[in-house]
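Colleague: I am new to reading protein models and would like a close look at a single part of this one. Could you take me through the sheet slowly, one strand after another?

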Amino acid sequence: MNINIRKWTIDDAADLAAALSNPRVQNNLRDGLPYPYTEEDGRDFISAMLASDENEVFAFAITVDDRAIGSIGVFRQQNIHSRTAEMGYYIAEEYWGNGIMTEAVMLTCKYVFDNSDIMRIYAEPFASNIGSCRVLEKAGFLCEGTLRSNAVKNGEIKDMKMYALLRNHTNDNSTNDNTEE
């Protein structure tokens, strides 16, 4: 299985729609995505990602044998947090539990740290999403705490976990630490 991340192409819209039309995938994501998710929705998302500022938004298709099976993005924050970025991701349910997401997270973090001045990448999965928490831990992120009663999803109050990876703490020790103290 050849796992990789790459820039989106409009041809990925059908695969994107198939992955996001699954309520089990959407139940672990923030609100705002259409359901069912159509190819047109996919084309709109892909177009927006391709048009975004490449120094602000790092958006990739997660691929297995060059077929898009999910999405991963790192989004630069603003103001005093301009060197911090939030990560979000998902893959199609049939690929859960195979180490694919962990590999995609590591590849993406390496890319962002090697190609930007970002010094901290964080993610906030629902505390109940044990699989996502494990992905982050296996990718070298540290759990910095629990954000209690931090969200409402499907009418349920949810705790979230705060995970972060710092530039000088990536799994690849060859990554340069260009941050100023």
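**The sheet, strand by strand**

Modeller: Strand E7, residues 156–166, is joined to E6 by eight bridges, and the two strands run antiparallel. Within this pair, Leu142 has Ala164 of E7 standing opposite. Please keep in mind that we are looking at a predicted model.

From this pair we can widen the view to the sheet as a whole, which is open and is formed by seven strands in the order E1-E2-E3-E4-E5-E7-E6, with mixed pairing. Strand E1 (3–6) and strand E6 (142–153) stand at the edges, and because each has a single partner strand, one side of each is left without a neighbour in the sheet. From one strand to the next, the twist averages 25 degrees. As general background, the strands of a sheet pair through backbone hydrogen bonds, and they may do so either parallel or antiparallel.

Let us now go to the other edge, where E1 is joined to E2 by four bridges, the two strands running antiparallel. In this pairing, Ile5 stands opposite Ile62 in E2. Strand E2, residues 57–64, pairs in turn with strand E3, residues 67–76, again in the antiparallel sense and over eight bridges. Here Ala61 of the one strand stands opposite Ser71 in E3. The connection between E2 and E3 is a hairpin with two residues between the strands, and in its turn Asp65 has a positive phi of about 50 degrees.

Strand E2 deserves a longer look. Eight of its eight residues are buried, so E2 is largely enclosed by the rest of the structure. Val57, Ala59, Ala61 and Thr63 point one way from the strand, whereas Phe58, Phe60, Ile62 and Val64 point the other way, and the residues of both sets are buried.

One of these residues, Phe58, also leads us to a loop beside another strand of the sheet, since Phe58 is touched by Ser116, which also touches Asn55, Arg76 and Arg167. Ser116 itself is placed in the loop between helix H4 (100–115) and strand E5 (120–123). With a relative accessibility of 15%, Ser116 counts as buried, because the cut-off for that word is under 20%. The side chain of Ser116 reaches the backbone oxygen of Val112 at 2.7 Å, and this side chain also reaches the backbone nitrogen of Ile118 at 3.1 Å.

Technical notes. Residues are numbered from 1 along each chain as its sequence is written. This is a predicted model: local features need pLDDT of at least 70, side-chain atom pairs count only at pLDDT 80 or more; totals for chains, interfaces and linings use all residues. Side-chain values use heavy atoms; hydrogens and water are left out. Buried means under 20% relative accessible area, exposed over 50%, partly exposed in between (1.4 Å probe, protein chains only). A polar contact is a pair of N or O atoms within 3.5 Å; within protein, one must be able to donate a hydrogen and the other to accept it, and residues adjacent in sequence count only if both atoms are side-chain atoms. Contact means heavy atoms within 4.5 Å. Two strands pair if DSSP finds at least two bridges between them. Axes are lines fitted to C-alpha atoms, for helices over the stretch in contact, and angles run from 0 to 180 degrees between N-to-C directions. Lists of a residue's contacts leave out its neighbours within four places in sequence.
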